[in-house]
Protein chains: 4
Amino acid sequence: MKALVYHGPGQKSWEEKPKPVILEPTDAIVKISLTTICGTDLHIMKGDLPAVINGRIIGHEGVGIIEEAGSSVANFKKGDHVLISCITSCGTCEYCKKTMYSHCEKGGWILGNLIDGTQAEYVRIPYADNSLYHVPANADEEAIVMLSDILPTGFECGVLNGKVKPGDTIAIVGAGPIGIAALLTAQFYSPSEIIMIDVDDYRLSIAKSFGANRVINSANEDAVAKIMSITNGKGVDAAIEAVGVPATFELCEAIVDAGGHIANIGVHGKSVTLHLENLWSRNITITTRLVDTVSTPMLFKTVRSGKLDPKKLITHRFKLEQIVEAYATFGNAAKEKALKVILSNL
Amino acid sequence: MKALVYHGPGQKSWEEKPKPVILEPTDAIVKISLTTICGTDLHIMKGDLPAVINGRIIGHEGVGIIEEAGSSVANFKKGDHVLISCITSCGTCEYCKKTMYSHCEKGGWILGNLIDGTQAEYVRIPYADNSLYHVPANADEEAIVMLSDILPTGFECGVLNGKVKPGDTIAIVGAGPIGIAALLTAQFYSPSEIIMIDVDDYRLSIAKSFGANRVINSANEDAVAKIMSITNGKGVDAAIEAVGVPATFELCEAIVDAGGHIANIGVHGKSVTLHLENLWSRNITITTRLVDTVSTPMLFKTVRSGKLDPKKLITHRFKLEQIVEAYATFGNAAKEKALKVILSNL
Amino acid sequence: MKALVYHGPGQKSWEEKPKPVILEPTDAIVKISLTTICGTDLHIMKGDLPAVINGRIIGHEGVGIIEEAGSSVANFKKGDHVLISCITSCGTCEYCKKTMYSHCEKGGWILGNLIDGTQAEYVRIPYADNSLYHVPANADEEAIVMLSDILPTGFECGVLNGKVKPGDTIAIVGAGPIGIAALLTAQFYSPSEIIMIDVDDYRLSIAKSFGANRVINSANEDAVAKIMSITNGKGVDAAIEAVGVPATFELCEAIVDAGGHIANIGVHGKSVTLHLENLWSRNITITTRLVDTVSTPMLFKTVRSGKLDPKKLITHRFKLEQIVEAYATFGNAAKEKALKVILSNL
Amino acid sequence: MKALVYHGPGQKSWEEKPKPVILEPTDAIVKISLTTICGTDLHIMKGDLPAVINGRIIGHEGVGIIEEAGSSVANFKKGDHVLISCITSCGTCEYCKKTMYSHCEKGGWILGNLIDGTQAEYVRIPYADNSLYHVPANADEEAIVMLSDILPTGFECGVLNGKVKPGDTIAIVGAGPIGIAALLTAQFYSPSEIIMIDVDDYRLSIAKSFGANRVINSANEDAVAKIMSITNGKGVDAAIEAVGVPATFELCEAIVDAGGHIANIGVHGKSVTLHLENLWSRNITITTRLVDTVSTPMLFKTVRSGKLDPKKLITHRFKLEQIVEAYATFGNAAKEKALKVILSNL
């Protein structure tokens, strides 16, 4: 089969690889229909994740058809239409029993990281019963593939951890795909005001059309001053960090109201300065999280009912064999005005 | 009347001051029976809290007798025996309505800070109906005075925010009075293992006698390595910071398990380094809090039922007029083997 | 002044009464601008609430202008535009400290019940600082008066207690004003499916236009069978009872899924049969509640932001002096196609 | 092998049955070391559970040794020392994903009910990876077997659902084994007062020695009046029903304070009268639950740490082959002063 293979920092190719086979009775082999590229994949390609070795097939999102199910897979059979969760969970370890699947002792985020991933014609999914979901009949595949990672990540790490509630004023720092995913799912809870902060006017205009009440281009204006002015000097109930650099995290520290929440989604490569000299008495909560995908069943329901339209996130479409070109587009997202790119193997 | 007055960094005296009078109909004047000294008072005396001005009477803890109640005070009358909360709350502002009394728009921590405090023969208490509590008949005054600040602080900022639950393994960093208050109140929730960390063997021995299952002197051994060895390399469910310096906060970052809680109690004068490059994917929660004293009614019940014996914290007793001497003892707590000192005006 | 006075079962009149005066320093006198009639007022008029005595001025909802504020009222002054909460709270008793204002030891629901109420030109409001809210400039008074009772009641007793969450399937039994209030506020949480059940097709058509996804006329079809068919035999996540008779409560028992919630809003005059022989093993939660009005500040925010449009509930408008006629209309709500009637004293 | 077999109401025998074999790759066969008899088993023997068919091996509690593990069982192997959970869970269905294992679509409470159970020399356990727990080295088997059912049931249905918290006053109605299990585990949360109600003085004396602060023999005194006197007319924060008849449930309705919880544990065969005419405005919560055994990992920790000593519940010991005699003793529990009986196959 063909697959996108990482060959060290800056090196990748669309090349022939052996088709995966069942290794454990709990495995399933999935023929990929659609996949996509995550911001994390760009980090991998830069060499930022040293655990990813030369020769690894990248990708942890996808929709497809079961090609073969291991002998103890109970919930799926050949021909089933499935969503692949970015998180693999054994369902029985100490962390899985706490529904913290991200830290599954045998799984977690392993696809396209510690084992071969979904940017390929076929992929092996361990613990298929816990790591795949049935795609409902008549569902839109392009919408569903957004449930592999980006929507549960924006929702769980940003919205749930930010404890967004009706009437709240919240800020989302970063209007890239993950910030937009937080924006879409924050609206489940009817906050009164969603303020989106970014340095790219195009992304801010997208955010506005997707439900942000206000946008701030922090390259052009003082975001802290602006938010304090909007909130009568109090700050926001929740500040959602969706970038992953010190400056944006520290911006969140500066704009959160007493009693508020800083919900980190960003993947950070460096430490940040936590201003406890100001914050120790401010009754704030800071959370970090690798998505657990506990919300995936709920997200299916909101897609089916039309409360959520994840297809909005898709800006570009390619054939799977054009994936190198797709990486170029997604890697230059601001210029290309890209949010999510779809790769089709249909 | 006589009072302990702050006269700038390093300067204080026990001197004559005018007896306080009712300024608002919601005020009460309390004749102090017992008061105590808080670690925060030592910070004030060093000049660390610039909002405290020359001439201020210090102190925010105490038990006493109502000398006079303002015309609209409904729940208290002359002669009532009362506990003074360290937090003053108006009961009607936006933050009070959320029971975040620490951030009351008209109160919060003002006693011995922005208005005159309790280390005096008399004190004026604003919003008496919301800021005082009846002392039950036959209660031990020395136990009750520990409910002004230290016990709700250890409990709310450390134990509640740390989400301590049955079976948990928790670490408390700092075995001073506030760490001990967290230790005592953590036991309300039956954690399986409480590990106490300090650099003073005497304090650790006290902690052990008050319920710590293990103690680590971090001056003598590698606390991180020791905790990882105790917890099979996982870390603790909750790490409670009860010191207030960068090193102890960063120790908490290093010992918390995935999914765990860092509950800050310490008063920090400097920023700390938050290792988001490690923690972003660890599903942890960090909290800060100025005590809201929402737990005071509950703490009264646990004292009355014998579930909590706060008198254990008291190591030294003085007459109120000996307060300068008491400061010397408490300011040299490690050498004097002091936890809480009681000052009596009886 | 003029007021609507209860004179025993079936007897009421619009008559001259003394204008109320300040009795306690915490009181305020409010000149009524708008008021409305509650379903509970109809119960009173029938004699169902024996605590309501002959001579009582009825009514517990309203918007108006402060005519006079008692000497210790801090947050309101003559001329302020205010919303009157149906719940009076002292803010300092044991229940108020738990924010269960409905059970305030000195207040609770007393207006138009144990003390004179709002269906009058003026009303005395005890504990004004805790029982009134500022009406924002430019707010629509007709929308705001819906926050006195019906919206917080539908929201707190129905939606919050029903733990409505994104993706849920919920049923609301009763499409009268209170059921509609639950319907409007349930949408804060983006349930996937809201099923409205009533016996009146007009009310069901209103419900549909206000956001119900499906309606069931239980006079014409088997509601249990229909719901089981909709939910693949499982039942609903939350069943909200908004009528107050045994049959509708037992309907809720029959349609709730394992793990689900029955949230009672209805005022019941009789006991009901609880089928524990079926429910003991079904992991369900049943809640009852007199509204605490803890959500009033949040509801103001959702009205201001346009997330909630309570004015939708208003079907009829009268002058205050026409209140006897308004009672006739509201008392015949189904025939008159009435939800809420507005009485104006402007 | 030998097993205790149900042969219709009132009929049982200790007889030869085929040794169970692996039917699915997720099964394990366990050789029983210890088992016990549950109150539910007595109901089965009376014919109260018609789903239990003639020929069924009874029993859903036990500790033993893995005799054989199916091909896809990952966490257990031949020779492992295991606790059998009374609840079988597939780990992947909709209810398991919500950790409501009691309602697992393929499991739930099936052992000794819909499939053969543990009162036998060997038992087949479906979904072994999710339904068994490793017994720690050096653990006391007799203590551990109490974790199969009675302790998680008392804890989850009674204590967790009753939201028992520090300082609470709680009542437990029924001092049989399950009420005692609630009593032991309620103490994890340090309530101030635990009132135990029963009609048997011996059981009440046991309750007192196990931590109840007060006992009421409701055959001799008016339990409602007594509790109102103890609680200053307010009632209890949590009323835990541990009997399963209408009278005891209605007692709970009468003694719960406004804002309180009624947590049902009892297995009810009849409906009860719910006094909504009193309770509609009392802000109470009523819960039912079949144990989910989500707390089993936590209970292991509390046993290991000595916070919980479940062995206290054991009053009688028999050899497994004496099980008919053990049933006679347990079936006459009051007279025999029996709580839990242990059956040993060692």
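**Exercise 1. Find how many salt bridges the structure holds over all chains, and work out what one of them joins in chain A.**

Solution. The structure holds 63 salt bridges over all chains, a salt bridge being a side-chain nitrogen of Lys or Arg within 4 Å of a carboxyl oxygen of Asp or Glu. This is a predicted model, in which local features need pLDDT of at least 70 and side-chain atom pairs count only at pLDDT 80 or more, while totals for chains, interfaces and linings use all residues. Residues are numbered from 1 along each chain as its sequence is written, chains are lettered from A and ligands numbered from 1 in the order in which they are written, and side-chain values use heavy atoms, with hydrogens and water left out.

Next, take the pair Lys311(A) and Glu142(A), whose side chains meet in a salt bridge at 4.0 Å, N to O. Lys311(A) lies in the loop between helix 11 (296-304) and strand 15 (314-319) of chain A, and Glu142(A) lies in helix 4 (residues 141-145) of that chain, so the pair ties together parts that are 169 residues apart in sequence. Helices (H or I, at least four residues) and strands (E, at least two) are DSSP runs, numbered from the N terminus.

**Exercise 2. Describe the interface of chain B and chain A, beginning with its residues and its buried area.**

Solution. Begin with the residues: chain B and chain A each bring 37 residues to the contact, where contact means heavy atoms within 4.5 Å. The area buried between the two chains is about 3100 Å², and carbon and sulfur atoms give 57% of it; buried area is the accessible area (1.4 Å probe) that two parts lose on being put together, summed over both. Trp280(B), Asn283(B) and Thr288(B) supply 23% of the area that chain B buries against chain A, more than any other three residues.

Then turn to the polar side of this interface. The rule finds 4 salt bridges across the interface of chain B and chain A, and the side chains of Lys234(A) and Glu105(B) meet in a salt bridge at 3.2 Å, N to O. There are also 27 residue pairs in polar contact, both residues at pLDDT 80 or more. A polar contact is a pair of N or O atoms within 3.5 Å; within protein, one must be able to donate a hydrogen and the other to accept it, and residues adjacent in sequence count only if both atoms are side-chain atoms.

Now assign the surface to elements. Several elements of chain B each supply at least two residues of the side that touches chain A, among them helix 2 (94-97) and helix 10 (276-279), and the largest share, 4 residues, comes from strand 12 of chain B.

Finally, consider the strands and the symmetry. Strand 13 (residues 272-274) of chain A and strand 13 of chain B pair in the antiparallel sense over 3 bridges, where two strands pair if DSSP finds at least two bridges between them. The bridge partner of Leu274(A) in strand 13 of chain B is Val272(B). In addition, 100% of the interface residues of chain B are also interface residues in chain A, so the copies meet through the same surface.

**Exercise 3. Determine how chain D is placed relative to chain B, and describe their contact.**

Solution. First superpose the copies, by least squares on the C-alpha atoms of residues with pLDDT of at least 70 in both. Chain D can be laid on chain B with an RMSD of 0.0 Å by a turn of 180 degrees and a shift of 0.0 Å along the axis. The two copies are thus related as by a two-fold rotation axis, and the C-alpha of chain D nearest this axis is that of Tyr189(D), 2.5 Å from it.

Then examine the contact, in which 13 residues of chain D meet 13 residues of chain B, with about 1200 Å² buried between the chains. The rule finds 0 salt bridges here, while 6 residue pairs are in polar contact.
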